[in-house]
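Student: Could you take me through one part of this model closely, the surroundings of the ligand, and then the parts that lie beyond it?

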Amino acid sequence: MTIGVLREGDGENRVALLPEHVPFLVKKNLFILVEKDAGKASYAGDREYTEAGATVQTRANILKEADILLSINPPEEDKIPSGKVLVSVLGPLTNKEIVQKLAKSGVTSFSLDMIPRSSRAQSVDVLSSMATVAGYKAVLLAAGTLPNFFPMFMSASGTIRPSRVLILGAGVAGLQALATARKLGAVVEVFDVRSAVKEEVMSLGGKFVEVEGAKDEAGAGGYAVEQTEEYKRMQGELIQERATQSNVIITTAQIPGRKAPVLIRKETIEAMKPGSVVIDLAASTGGNCELTKNNETVVHNNVTIIGNSNLASTIPSDASKMLGKNFLNFLDLMLDGEGTLNLDVEDDIVQNTCITRNGEIVNERVKGAL
Ligand code: NAD
């Protein structure tokens, strides 16, 4: 079996496998082909891949010779040859065209953003690993943009009060943002509809802001569910009140497969202190702030709203290290001892991640969403 690592398109600095991941696969009798310069933006050169046991090839050769293609973003080709397996991050619940194209081409595709949030699948969970990177970077970006210090300073030149950070959504990204903002010395408040996260927030040194009456569903796999109109009204009032006291807001609220809930209205931005910063991590699904523009920075009434949707790409070496491990663990689950793809269609990881097969869309959630 031959694995092909494709070079990502413009604007993406990460790569699906680093040289350090190659020996594990070589030991499993797999041949690894890597597209020329695939790791360049992650500071991994072709020579390092070769030394690790891979062969550097042109894209055309990889598309022809590899059985399994690895690419973080869906490959740009209109047609991937029939019979190939693609492991990628397709966003299949919203990327209808890509999914239909792959089905039509006869590609067996797996999308790692569809991994269930279970203990067994944790080592393959690309959403969690990349949300960790994004939560960390969101705080550094905010600290670099804010015209204030994060920590408190007491010096002969006077006392500087610590910045106040409000985090909306205490999932993977939110908790990482909380930990990072605390390390930088800010006072942090966190809001989430899931009261189950209260203890975690407190143990990381954050203050949990609560609105009574949230709907929480045990069957939602640790994810949030849509809230009632009355709840949303109360939540809006509380967020407005806390936002006006904050210097930084980091928003991470999401409900899988849906547009992000709008939690910060224009009026709230207008009531914030001049120089305040909002980092909206949910920009790609519409944003948690009404004024967010995906992949743009907007300044409104002296408040900077940053909607960078690919923060993980700004820490490419370590993001690729984590992502490469996720890809590697996925292959390890899918391939048998001989290095042959042996799909167990009853396996919940296969059921959740396999999107197209035998010329059809086979994933029930994706079929429902499309
Ligand atoms: P997650 O599901 O682990 O966390 C989201 C949290 O938001 C959950 O705790 C959920 O309960 C909470 N939430 C949902 N609706 C809410 C509401 N109305 N009010 C308050 N809280 C609410 O998700 P995650 O993995 O932490 O990712 C968070 C966001 O960051 C997602 O939108 C994801 O797409 C995005 N993300 C962005 C980047 C980037 O580079 N910008 C990278 C990775 C992830």
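Tutor: What follows starts at the ligand, goes on to a helix beside it, and ends with a second helix, some loops and a ring pair. Keep in mind that the model is predicted.

The shell around the ligand has 27 residues, and those that come nearest are Arg-117, Ala-173, Asp-192, Arg-194 and Leu-311. Several polar atoms of the protein lie beside oxygen atoms of the ligand. In Arg-194, an N or O atom of the side chain is 2.8 Å from a ligand oxygen. With Val-172 the backbone takes part: one of its N or O atoms lies 3.1 Å from an oxygen atom of the ligand. Ser-309 also uses its backbone, with a polar atom 3.3 Å from a ligand oxygen. On its own the ligand has 860 Å² of accessible area, and the protein covers 92% of that. Two elements, α5 and α6, give two or more residues to the shell. The largest share is that of α5, with three residues.

Now take α6 by itself. This helix runs over residues 172-183, so Val-172, met above, falls at its start. Its twelve residues should span 16 Å at 1.5 Å a residue, and the distance of 17 Å between its end C-alpha atoms agrees with that. Ala-173, one of the residues nearest to the ligand, is also one of the buried residues of α6. The others in that buried set are Gly-174, Leu-175, Ala-177, Leu-178, Ala-179, Thr-180 and Ala-181. The cover over these buried residues includes the helices α5 (126-145) and α7 (198-203). It also includes the strands β9 (164-168), β10 (187-191) and β12 (248-251). After α6 comes Gly-185, which has a positive phi, near 95°.

A positive phi also turns up in two residues that are not glycine. Most residues other than glycine have a negative phi. Asn-301, however, has a phi near 55°, and Asn-302 has one near 70°. Asn-301 sits in the loop between β14 (297-300) and β15 (303-306), and Asn-302 is found in that loop too. Asn-301 has a relative accessible area of 45%, so it is partly exposed. Asn-302 reaches 52% and therefore counts as exposed, since the cut-off for exposed is over 50%.

Asn-302 leads to another loop residue, because Ser-276 touches it. Ser-276 lies between α9 (266-271) and β13 (277-280). Its relative accessibility is 2%, so it counts as buried. Besides Asn-302, Ser-276 touches Leu-146, Ser-246, Asn-247, Val-303 and Thr-304, leaving aside residues up to four places away in sequence.

The second helix is α10, residues 316-334. Its 19 residues should span 27 Å, and its end C-alpha atoms are 26 Å apart, which agrees. Its buried residues include Pro-316, Leu-323, Phe-327, Leu-331 and Met-334.

Last come the aromatic rings. The structure holds two aromatic pairs. In one of them, the rings of Phe-149 and Phe-153 have centres 4.4 Å apart and planes at 65°, so the pair is edge-to-face. Both residues count as partly exposed: Phe-149 has 45% relative accessibility, and Phe-153 has 36%.

Notes
Residues numbered from 1 in each chain as written. Predicted model: local features only at pLDDT ≥ 70, side-chain atom pairs only at ≥ 80, totals over all residues. Heavy atoms only, no water. Helix = DSSP H or I, 4+ residues; strand = E, 2+ residues; numbered from the N terminus. Buried < 20%, exposed > 50% of the residue type's maximum accessible area, 1.4 Å probe, protein only. Contact = heavy atoms within 4.5 Å. Phe/Tyr/Trp six-rings, centres within 6.5 Å; stacked < 30°, edge-to-face > 60°. Expected span 1.5 Å × (residues − 1). Near = heavy atom within 4 Å. Polar contact = N/O pair within 3.5 Å; in protein donor to acceptor, adjacent residues only side chain to side chain. Areas by Shrake-Rupley, 256 points an atom, 1.4 Å probe, with all protein chains shown as cover.
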